Amino acid sequence: MTGRTPFTHEGIAFGCDYNPEQWAPEVWDEDIRLMREAGVDLVAVNIFGWSHLQPGPDAFDFAALDDILERLHAAGIRVNLGTGTASAPAWLSRAHPEVLPMTEDGTRRYPGGRQAWCPSSPIFRTASLRLVEAVAARYGSHPAVALWHVSNELGCHNALCYCDESAAAFRIWLRERYGSVAELNRAWGTAFWSQSYYDWEEILPPRAALSARNPGQLLDFHRFSSDAVFAQYRAEADVLRRLSDRPVTTNFMVTAHIENMDYWTWADEMDVVANDHYLDHRLGDPLSELAFAADLSRGLAQGAPWILMEHSTGAVNWQPLNLAKEPGQLLRNSLTHVARGADGVCFFQWRASLQGAEKFHSAMLPHAGTDSAVWREVVELGGILDRLGEVAGSRVLADAAVVFSWEAWWATDTECRPSQAVGYLTQVHAAYAALHAQGLTVDIVRPGADLSAYRVVVVPGLHLLRADEADVLTDWVAAGGTAVVTYYSGIVDENDRVWAGGYTGPLRDALGIHVEEFAPVAPGVAIALDDGTRSHLWSERLRATTAETVATFADGPAAGSPAITRNAHGRGSAWYLATQLEPAALADRIGAIAREAGVRPPVDVDAPGAFEVVRRRGADASYVFVVNHGDTDLVADVRGTELITGPAVEDRLRVPSGAVRVVREENHS
Ligand code: GAL
């Protein structure tokens, strides 16, 4: 068997990670009975199965997994089958300590946690593929198996490995990219600090050094590392596609703080895009970040439905303070993902563990058992997803976009930069939050993507920008688009070489400005603009060439210099924000720009508090999701049939505080 198979499922999938190996078989029957009670129909098993399936190098034991698959199948529950390779058994690293990953200071990490393997280790590759072969041969045609789940959150802990195997693989990767050492020297700018190389063998991963390291080397090591982890996915997927006709995916981590995988380069090889998302309460606006992650997951799926492979019913266990979800939040968070294109809602995990590092992580079936608010909400969610089945397959349409790039993230958050307080993701989240606060639907696209579907495109802090990517944006503006570019964009090319002649480099003409100098601002200090707004972190000394100055810095290190400009370019216009506006001012500014460009929320909502409104469009009907995060009821201008509570909405839709409503609109044009 070869080739790709799409993932299909009747309605919206509802599921979880299930780790029966942590429980006696007597518990399995109860698990499956309760899964059916909740409406669970897609269950991930064997995610951390390796040490159970293979007790020693030459011994396999599939009895328990056979049993579980049979039981799930008999109950009509489909299986999302892990290849089991995420965490290697202790016998492997005992026999071959060199499979263990190494940190940048040369320290080997021990086993005892999870994912303790070097992505470039040939020994790990061989051993893990042997397991995948065995699993795929045994279950590749099993009627329960609906989907293959390669490894687990590839690169979560081990993406950056600095061992000698990684060094050798890095050199091979560099040879393919540059062809010659001379070309590599040019790309990395090794003339600086006497770093010139003459032989490939001299080149190492960017291990801990006494001073700042070469930024080009750091950037390429990120690229290499993403590719090295992805190579494990591809190797496992090749085996699966050879031995099975079922679709293949792995769970991405489009979530705050995980930066090492460039999923734009991975996504095409997923038969369905799957994402894990956990609310991060260390962020200023976790709900906006949830929406961003969901929209980015849809972007990776190129607009097609995707699966939320993991999230939590309540608290996680890995933040400094792990907040329980409020009543109703499990439903709101789950349905926000569905609103933004998910056709599956799954949780980590089914039954809360009694032992192990995650025993205080929430689950669908909590330690308290079924006599709990969490369980009741889980059952309620199962019922709601069932009623929303007809939504599956429909698509979100957006006329605004935000450009997002993992490469820009790596290049921005490097060692020596104008201000350590300016981070890429913070800027992206701030720009997204400004659109989100207006209830606007946003696609997340990669640099260089076709922008013709959009009226407004926001480009937050796109530090690394290639000439051809800048051309796409410039041409789209000339053709009538409205771009909003924020500070620290267009600073370096793909080799981290500064675009000389005024910052924003290849965007200068579209923006009509000449940026002479950065003037960062100390964290916590506010600066004033002459339009009465305030901003933080950053200012610039710049001059408008063809742009009109919309607001000027009234104080701070760039006082007198334009802070907000707008340039007419061809039939469109390009705005530049040279500072980090306070959130409300940024939302007002971006909201006004979007409105002027004709971008509106999908329906009008009268809401005093936070809300989300998204339309998914299907072949025969459209579905408007309204999520009310506020303390008071809201009213939305939508008519049709409400799918969660049932009644026809003839006038306007009332959504109680904390509730979600989904309205089917017939024949929406
Ligand atoms: C994910 C992981 C799960 C579990 C969960 C806890 O990173 O895939 O196995 O650890 O987080 O939040």
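This note covers the ligand site, the aromatic pairs and two backbone features.

1. Basis. The model is predicted: local features need pLDDT of at least 70 and side-chain atom pairs pLDDT 80 or more, while totals for chains, interfaces and linings use all residues. Residues are numbered from 1 along each chain as its sequence is written, and side-chain values use heavy atoms, with hydrogens and water left out.

2. Ligand shell. Phe48, Arg114, Asn152, Glu153, Asp276, Tyr278, Glu310, Trp318, Phe348, Glu358 and His361 surround the ligand (a heavy atom within 4 Å of it). By class, this shell holds 4 nonpolar, 2 polar and 5 charged residues. Here Ala, Val, Leu, Ile, Met, Phe, Trp, Tyr, Cys and Pro count as nonpolar, Asp, Glu, Lys and Arg as charged, and the others, Gly among them, as polar.

3. Ligand contacts. Ligand oxygen atoms have side-chain partners. An N or O atom in the Glu310 side chain is 2.7 Å from one ligand oxygen. For His361, a polar side-chain atom lies 2.7 Å from a ligand oxygen. For Trp318 the distance is 2.9 Å. The protein buries 96% of the 310 Å² that the ligand exposes when taken alone (Shrake-Rupley method, 1.4 Å probe).

4. Aromatic pairs. The whole structure contains 33 aromatic pairs (Phe, Tyr or Trp rings, the six-membered ring for Trp, with centres within 6.5 Å). Phe170 and Trp188 are stacked, at 6.2 Å centre to centre and 20 degrees between planes (stacked is under 30 degrees). Phe170 is in helix 6 (residues 164–178) and Trp188 in helix 7 (residues 181–188), so the pair ties together parts 18 residues apart in sequence. Helices (H or I, at least four residues) and strands (E, at least two) are DSSP runs, numbered from the N terminus.

5. Cis peptide. The Phe348 to Gln349 bond is cis, with omega near -10 degrees. Gln349 lies in the loop between strand 9 (342–347) and helix 11 (373–387). Phe348 is also one of the residues around the ligand.

6. Positive phi. Asn46 is not a glycine, yet its phi is positive, about 65 degrees. Asn46 is in the loop between strand 2 (42–45) and helix 2 (50–53).

Terms used:
Polar contact = N/O pair within 3.5 Å; in protein donor to acceptor, adjacent residues only side chain to side chain. Phe/Tyr/Trp six-rings, centres within 6.5 Å; stacked < 30°, edge-to-face > 60°.
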